[in-house]
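Welcome, and please open the model in your viewer with the chains coloured separately. We will go from one interface to the next, with a few stops inside the chains on the way.

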Amino acid sequence: MRVLLAAGLAVAAAVTAATAEIDPEARRSGYDFASPEIRAMQDDDTANPGMLWVLEGETLWARKAGAAVRSCQDCHGDAEASMRGIAARYPALDAVLARPLDLEQRINRCRTENQRAEPLAWESEDLLALTAFVARQSRGLPIAVVAGPELRPFLDLGKELFRQREGQLNLSCSQCHDDNWGKRLAGSVIPQGHPTGYPIYRLEWQSLGSLQRRLRSCMTGVRAEPFDYGAPQGVALELYLMERARGMPMDTPAVLP
Amino acid sequence: MTRRRILLAGVGVVSFAPIARATQAEMAEAIRDLIGEALLAPGKVKLELPSIVENGNTVPLTVSVESPMTEADHVESIHIFNQKNPQPYVAAFHLGPRAGRARVATRIRLADSQRVVAVARLSDGSFWSDNADVIVTLAACTEQ
Amino acid sequence: MARVMINIPPRAKRGEIIEIKTLIQHPMETGYRLDNKGAAIPRDIISRFICSYNGDEVFRAELFPAISANPFIAFSTVATKTGELVFTWIDDNGQIQSEIRQITVE
């Protein structure tokens with residue numbers, strides 16, 4: 001009897017522990033879960049608060065900076081052309097550093113290496129503006145992160161982190177966003193967690209914010225110690241999330257509750 | 001100090017003081033300050049707000065008033081009040097015949113589920129109103 | 001200077017009612033929030049917004065802390081003559097920001 005009970009419990013544990021990936025056909029972006037009012041706020045470029053940062057980014061793009069006295073525009077020209085599709089491929093491998101960089105890190109790498117300027121602080125207005133401006137050039141384009149052999153270990157780490165229980169609430173990302181999306185947690189509908197619209201204007205923040213900020217916020221939500229900004233685990237998780245959302249169209253700057 | 005505040009202090013971030021909230025009486029008083037002895041009639045005004053919101057930080061609001069908006073007959077101002085924020089006032093919009101149409105949209109903050117009231121003052125000195133009830137749910141995972 | 005977005009048609013027919021949308025980057029700090037030491041973060045809001053058209057005030061708003069951050073205001077005005085619309089935001093401390101847009105009325 002006891003053996004049967006133990007076996008039963010083991011099976012039950014195995015079933016609850018195994019989290020299923022979302023069927024690619026069943027993937028829905030945060031936009032699909034948002035209320036009509038929030039969608040209306042996002043859809044109208046003349047009323048989307050995120051566009052304030054995009055416009056600022058456009059100004060920064062043309063501003064000369066650093067010891068090299070160079071603007072983004074000096075090397076990259078017209079962003080609409082040169083940055084098209086770029087954000088949809090990030091995080092991407094930096095061959096020199098032999099690890100993935102997300103868009104914010106890539107921008108800062110350009111600043112330090114090519115403009116010979118100070119890197120912009122995480123969540124600073126300028127970094128958000130530039131990231132939003134660059135990401136906006138991928139709007140409507142499918143997410144197309146290329147996870148070649150060099151990125152495989154980072155992708156695997158990201159996937160592992162996504163499935164790992166953490167925090168005082170002992171929850172994994174997967175348990176909410178793979179297994180219970182569409183259901184309600186307190187007053188909110190649980191989304192699938194696809195980063196199609198980053199940086200987003202989050203109503204909770206009343207400001208634009210990065211994916212890293214959102215991930216850290218989720219970790220705090222389950223009472224786990226959040227990764228530092230730019231930590232390798234954070235970038236690995238971003239890489240996994242973007243890969244998981246491959247093919248879904250970008251909609252930066254998204255508006256979400 | 002409540003247990004929740006102790007937990008919040010540990011994370012070291014912004015929190016909300018237990019503030020005295022405006023009451024229905026304060027909202028009524030604020031409206032009375034505006035209209036004086038005049039009668040407040042329901043009608044002509046249409047206040048549009050979502051009936052339920054996931055986050056009370058940014059609630060889209062549209063208010064419109066039926067009016068020809070001529071020199072002789074127009075909306076002078078529209079005033080928005082609320083019931084449960086710390087203050088009963090939300091905004092006041094001053095229009096006039098140059099507006100062409102009495103319709104204003106904005107985004108407001110609602111601290112809790114509550115009633116929002118819009119009062120329009122017309123050029124003939126009359127006051128009209130509409131109200132809307134909004135349920136404000138709170139996000140499950142807040143940053144704090 | 002806060003970042004501003006103003007949406008107004010560049011041209012209109014005389015007598016046409018045009019819709020204007022404005023958005024300005026501003027935290028609209030209510031004065032009710034506490035920092036992590038328990039001190040109140042001082043109130044800092046835009047309290048007035050004015051739109052004038054060739055010098056005449058055509059719209060004015062008084063704003064309170066209940067207006068969301070990055071205040072969005074959409075309103076309308078009648079296209080009367082070709083000229084200038086001036087949009088002015090004034091905060092609690094009397095700081096002013098003004099933006100000008102041209103309109104051609106046929």
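Begin by selecting chain A and chain B together: six residue pairs are in polar contact between them, both residues at pLDDT 80 or more. A polar contact here is a pair of N or O atoms within 3.5 Å; within protein, one must be able to donate a hydrogen and the other to accept it, and residues adjacent in sequence count only if both atoms are side-chain atoms.

Before moving on, note that this is a predicted model, in which local features need pLDDT of at least 70, side-chain atom pairs count only at pLDDT 80 or more, and totals for chains, interfaces and linings use all residues. Residues are numbered from 1 along each chain as its sequence is written, chains are lettered from A and ligands numbered from 1 in the order in which they are written, and side-chain values use heavy atoms, with hydrogens and water left out.

**Stop 1: where chain A meets chain B**

Keep chain A in focus and highlight α3 (36–43), β4 (188–189) and α11 (211–221), the elements that give two or more residues to the side touching chain B. Helices (H or I, at least four residues) and strands (E, at least two) are DSSP runs, numbered from the N terminus. Which of these elements gives the most to that side? It is α11(A), with four residues. By class, this side of chain A has nine nonpolar, six polar and five charged residues. In that count, Ala, Val, Leu, Ile, Met, Phe, Trp, Tyr, Cys and Pro are nonpolar, Asp, Glu, Lys and Arg are charged, and the others, Gly among them, are polar.

Now show both sides: 20 residues of chain A are in contact with 17 residues of chain B, contact meaning heavy atoms within 4.5 Å. The two chains bury about 1800 Å² between them, with 49% of it from carbon and sulfur atoms. Buried area is the accessible area (1.4 Å probe) that two parts lose on being put together, summed over both. How many salt bridges cross the interface of chain A and chain B? The rule finds zero; it asks for a side-chain nitrogen of Lys or Arg within 4 Å of a carboxyl oxygen of Asp or Glu.

**Stop 2: inside chain A**

Select β5 (200–202), β6 (207–209) and β7 (255–256) of chain A. They form an open sheet of three strands in the order β6-β5-β7, with mixed pairing. β6 and β7 of chain A are the edge strands, each pairing on one side only. Two strands pair if DSSP finds at least two bridges between them; β5(A) and β6(A) run antiparallel and are joined by three bridges. For one position to zoom in on, find Y201(A), which stands opposite L208(A) in β6(A).

Next, look at the backbone. Most residues other than glycine have a negative phi, and most peptide bonds are trans. Go to the loop between β4 and β5 of chain A, where P199(A) is found: the peptide bond from Y198(A) to P199(A) is cis, with omega near -10°. A second cis bond runs from T252(A) to P253(A), with omega near -5°, and P253(A) is in the loop between α12 (232–244) and β7 of chain A.

Then select Q206(A), in the loop between β5 and β6 of chain A; its phi is positive, near 55°. A98(A) also has a positive phi, about 60°, and is in the loop between β1 (92–94) and β2 (99–101) of chain A.

**Stop 3: where chain B meets chain C**

Hide chain A and show chain C beside chain B. Chain C has zero helices and nine strands, and its C-alpha trace spans about 60 × 20 × 20 Å along its principal axes.

Here 32 residues of chain B are in contact with 35 residues of chain C, and about 2800 Å² is buried between the two chains, 52% of it on carbon and sulfur atoms. There is one salt bridge between them: select R98(B) and D56(C), whose closest N and O atoms are 3.1 Å apart.

To finish, select β7(B) and β6(C) (residues 56–63), which pair in the antiparallel sense over four bridges. Centre the view on A91(B), whose bridge partner in β6(C) is L63(C).
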